[in-house]
Amino acid sequence: MKSFVAAVVLCVLCVSVIGGVILDDVERSPVKIPINHISPVTETAKNQSRNEEEENRLSTYGYLAFPGQFPYHAKVLIKPKSLSYLHSCAGSLITLKYVLTTAACLYRWVNENDIEYAFVTLGSLFNGDTQWEQRINFTDDGIHTHPLYHYSNYEFNNIATIHLDCPATLNRYVQPIRLPRLTDMRTYEMMEGTASGAQFVGGLKYLRNQVMSNEDCQRDILPAYTITAQHICTNSLIGGVFCNREYGSSLTVEDQNGRVLVGFADHLFLCSSNYPTRHMRVSYFRDWIQMNSDYIFDL
């Protein structure tokens, strides 16, 4: 009995949740004024970002999300021993205990044994309002990167899962995202994809782009980049160029059963270019995800 009580107390301490919020369902206009990122950002870099956006009329910082719009969005934060600031990327909560993200976000710090501490933030719009924010720790033992991923070349198998020290608390603002069922063989071409994850300009942002075929993506992307069955791309010419999107940020589509996670950002380009955005295709890695998380796929 004592051990059970201790475990409950430990998990309560592991998750920080405060207060309540008012829901605002209005889609807000794209934001154009950048602010500092969690890691050091110089004035030169900020001015360069402004100039790139001004030069490219398709570039945008996206739309401000409203509370509860992306309840699966996770901010992954790592404090390396070798850095004075937090390394960050994005991910998606796929169960109450697991976050899906890129291997590139985690691989270096795990393999160099360089993690001082790490946690994910859930249920937040990252605009200074922490009313429903949950912060949950994880350790390097909870990180699983694909065994065929190579840090020097993240063209392939750029996928990882994070096992949280304690399960997330399910509520209106924190909920796992559905993954493609085992029998879902769609390519999602021509469907509207919603990308979330840019949060350097006043809070969490999102943008909608059309999903394109891999053949068209290979044609339009830089020749140095390879598009395979592992990837899924969105068309920057239909929806705009999402500035300051984070690696690991989600790509979802909606069908008759609701929202489904079909990809997460794997390679990003500067705002000055209109190249497609490449994501890792979730359906390609269903077997690996099932073996490295507690997610149970529907048939």
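**Asp 266 is a buried residue, its relative accessible area being 0%.** The model shown here is predicted: local features need pLDDT of at least 70, side-chain atom pairs count only at pLDDT 80 or more, and totals for chains, interfaces and linings use all residues. Residues are numbered from 1 along each chain as its sequence is written, and side-chain values use heavy atoms, with hydrogens and water left out. "Buried" stands for under 20% relative accessible area, "exposed" for over 50% and "partly exposed" for what lies in between, using a 1.4 Å probe and protein chains only. To find Asp 266, look along strand S15, which covers residues 258-267. Helices (H or I, at least four residues) and strands (E, at least two) are DSSP runs, numbered from the N terminus. The side chain of Asp 266 meets that of Arg 278 in a polar contact of 2.5 Å. Such a contact is a pair of N or O atoms within 3.5 Å; within protein, one must be able to donate a hydrogen and the other to accept it, and residues adjacent in sequence count only if both atoms are side-chain atoms. Beyond its neighbours within four places in sequence, Asp 266 has contacts (heavy atoms within 4.5 Å) with Tyr 154, Asn 158, His 231, Tyr 247, Arg 278, His 279 and Met 280.

**Cys 89 and Cys 105 are joined by a disulfide, with an S to S distance of 1.9 Å.** A disulfide here is a pair of cysteine sulfur atoms within 2.5 Å, and the structure holds three of them. This one is left-handed, because the torsion about the S-S bond of Cys 89 and Cys 105 is about -75°. Cys 89 sits in strand S4 (residues 87-93) and Cys 105 in the loop between strand S5 (98-101) and helix H3 (107-111), so the bond ties together parts that are 16 residues apart in sequence. Both Cys 89 and Cys 105 are buried.

**A disulfide links Cys 217 with Cys 233, S to S 2.1 Å.** Here too you will find a left-handed link, with -70° about the S-S bond of Cys 217 and Cys 233. Helix H4 (residues 214-220) carries Cys 217 and strand S12 carries Cys 233, so this pair ties together parts that are 16 residues apart in sequence. Cys 217 is buried, as is Cys 233.

**The sulfur atoms of Cys 243 and Cys 271 lie 2.1 Å apart in a disulfide.** This pair connects distant parts of the chain, 28 residues apart: Cys 243 is in the loop between S13 and strand S14 (250-255), while Cys 271 is in the loop between S15 and strand S16 (277-281). Cys 243 counts as buried because its relative accessibility is 1%. Cys 271, at a relative accessible area of 5%, is buried as well. If you number the bonded cysteines of the chain in sequence order, the pairing reads 1-2, 3-4, 5-6.

**Cys 166 is a buried cysteine, with a relative accessible area of 3%.** For context around this close-up, the chain has 299 residues, 52% of them buried. Its secondary structure comes to five helices and 16 strands. Of the contacts between residues at least 6 apart in sequence, 72% join residues at least 24 apart.

**Phe 126 has a positive phi of about 55°, although it is not a glycine.** You can look for Phe 126 in the loop that runs between strand S6 (115-122) and strand S7 (134-137). Phe 126 counts as partly exposed because its relative accessibility is 21%.

**Met 190 is not a glycine, yet its phi is positive, at about 75°.** Met 190 belongs to the loop between strand S9 (160-163) and strand S10 (192-196). With 61% relative accessibility, Met 190 counts as exposed.

**Leu 58, Leu 237 and Ile 238 make up a nonpolar surface patch, together offering about 250 Å² of accessible area.** Patches consist of residues with over 30% relative accessible area and no salt bridge, where like charges are joined within 9 Å and nonpolar side chains (Val, Leu, Ile, Met, Phe, Trp, Tyr) within 5 Å. A salt bridge is a side-chain nitrogen of Lys or Arg within 4 Å of a carboxyl oxygen of Asp or Glu. Accessible areas come from the Shrake-Rupley method with a 1.4 Å probe, and for residues only the protein chains shown count as cover. Within the patch, Leu 237 is exposed, at a relative accessible area of 54%. Leu 237 lies in the loop from strand S12 (231-235) to strand S13 (241-242). The accessible surface of the chain is about 14,000 Å², and carbon and sulfur atoms account for 54% of it.
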